[in-house]
There are 2 protein chains.
Amino acid sequence: MSENSIKLRVEQIELLEKLAVLLEKEGFQPAMAKVVALLLVSDQTELTFDQIQDTLSISKGATSQAINQLLSANKIEYKTKLGERKRYFCSRVMSWQEDVKADLNNISNFNNILKQILQQRPDHTKNFNQSMERLVQFMDYLNEELPVLYRKFEEQHS
Amino acid sequence: MSENSIKLRVEQIELLEKLAVLLEKEGFQPAMAKVVALLLVSDQTELTFDQIQDTLSISKGATSQAINQLLSANKIEYKTKLGERKRYFCSRVMSWQEDVKADLNNISNFNNILKQILQQRPDHTKNFNQSMERLVQFMDYLNEELPVLYRKFEEQHS
DNA sequence: TTTTTAGTTCACAAAGTATTGAACTAACTA
DNA sequence: TAGTTAGTTCAATACTTTGTGAACTAAAAA
């Protein structure tokens, strides 16, 4: 119906926009990026469909799309309140740490293709092959050592 | 003029396409991704403008754009041969290691905004704030420890 | 001087993405 | 049963990104 928009301070709007731009660069589509950003900067951590829609001034359709994609991607979740049909959406901040890890593990995707390319390269182009080999070694090294780093962090912060 | 296209084995074409798709996911635009991939899978490591254009079947304009953007981004370089005007383009494989590092350092961009958001969050929403704080700590930890990891790698492989 | 080579530039077309809004559904409420 | 709430779906539009190709430039060759 009318305005379910929540009020944000100038500071919050600026942070929302900056964060959304960063997230778009990371591959989020615009509406999704804004929803995620809103749920991080807003004083309330739980917002309804209408609050999200009106605060961001996007259409119902776009809001629905964005929320559902974020739910499937596990970036947000929702809670319900007994006696209400509305859902209260909130950021899965906890999951971001896993996302960062997943992102770093993505290195191995890349490394696998490089390894396949190396395997079929001709023997002349020796220098080139050696450079590629070093890169592969570097990424293999990271793939081994990063999990060690994660474990150390968990130990230190528990 | 006619066909300057170089011949690629089926295997090479498949790897080229797989790698190009991965690179597009990393933010490369299609033509750039294909040029980079070609320079990695091709038996010859140095290819001319026409060889690139004809092998990839893209227009002159697109080839020119892609090559120039890759040059500015330092992903490729070129060599010349005395007595020839043509440039011979090749991948800067060496630089990829730096690119991986830069990519990981990008974490700190993200972390900086999170810190700003945290600073202005209200004190109620304690759990939420604590989760954010932990994420920030995790990323700070990575930002400190990754350079240590790089150094260790250099030491072991030299 | 004319032609060829090795490109660059840029307006336009084509392809791909995102957003809107209107029509719909499904559950509850009066 | 009629109306309201809380959404979903989707065709059409609007916007963005890519790629094309024709016209251009600048250096070298004939």
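Trainee: In this predicted model, does B:Lys75 count as buried or exposed?

Mentor: The cut-off for a buried residue is under 20% relative accessible area. B:Lys75 has a relative accessibility of 17%, so this residue counts as buried.

Trainee: Which residue forms a salt bridge with B:Lys75?

Mentor: B:Lys75 lies in the loop between α4 (60–72) and β1 (76–80) of chain B, and the partner, 24 residues apart from it, is in helix α5 (residues 93–105) of chain B. The closest N and O atoms of the pair are 2.9 Å apart. The partner is partly exposed, with a relative accessible area of 26%. This residue is B:Asp99.

Trainee: How many residues apart are B:Lys101 and B:Glu154?

Mentor: The side chains of B:Lys101 and B:Glu154 meet in a salt bridge, with an N to O distance of 3.9 Å. The pair links distant parts of the chain, since B:Lys101 belongs to helix α5 of chain B and B:Glu154 to helix α7 (residues 126–156) of chain B; the separation is 53 residues.

Trainee: Which residue of the salt bridge between A:Glu98 and A:Lys101 is buried?

Mentor: Both residues lie in helix α5 (residues 93–119) of chain A, three residues apart, about one turn of the helix. Their side chains meet at 3.6 Å, N to O. A:Glu98 is partly exposed, with a relative accessible area of 46%. The other partner has a relative accessible area of 13%, so the buried residue is A:Lys101.

Trainee: Which helix gives the most to the surface near DNA strand D?

Mentor: In total, 16 residues surround DNA strand D. At least two residues of this surface are supplied by each of α4 (60–72) of chain A, α2 (30–41) of chain B and α4 of chain B. The element that gives the most, with four residues, is α4(A).

Trainee: What share of the atoms of DNA strand D that come within 4 Å of the protein do sugar and phosphate account for?

Mentor: The residues closest to DNA strand D include A:Lys60, A:Ser64 and B:Ser59. One backbone contact places a side-chain N or O atom of A:Asn68 3.3 Å from a phosphate oxygen of the strand. Sugar and phosphate account for 60%.

Trainee: At what distance does a polar side-chain atom of A:Arg85 lie from a base oxygen of DNA strand D?

Mentor: Bases of DNA strand D are contacted from chain B as well, where a polar side-chain atom of B:Arg85 lies 3.3 Å from a base nitrogen. For A:Arg85 and the base oxygen, the distance is 2.5 Å.

How values were computed:
Residues are numbered from 1 along each chain as its sequence is written. Chains are lettered from A and ligands numbered from 1 in the order in which they are written. This is a predicted model: local features need pLDDT of at least 70, side-chain atom pairs count only at pLDDT 80 or more; totals for chains, interfaces and linings use all residues. Side-chain values use heavy atoms; hydrogens and water are left out. A salt bridge is a side-chain nitrogen of Lys or Arg within 4 Å of a carboxyl oxygen of Asp or Glu. Buried means under 20% relative accessible area, exposed over 50%, partly exposed in between (1.4 Å probe, protein chains only). A residue is near a molecule or strand if one of its heavy atoms lies within 4 Å of it. A polar contact is a pair of N or O atoms within 3.5 Å; within protein, one must be able to donate a hydrogen and the other to accept it, and residues adjacent in sequence count only if both atoms are side-chain atoms.
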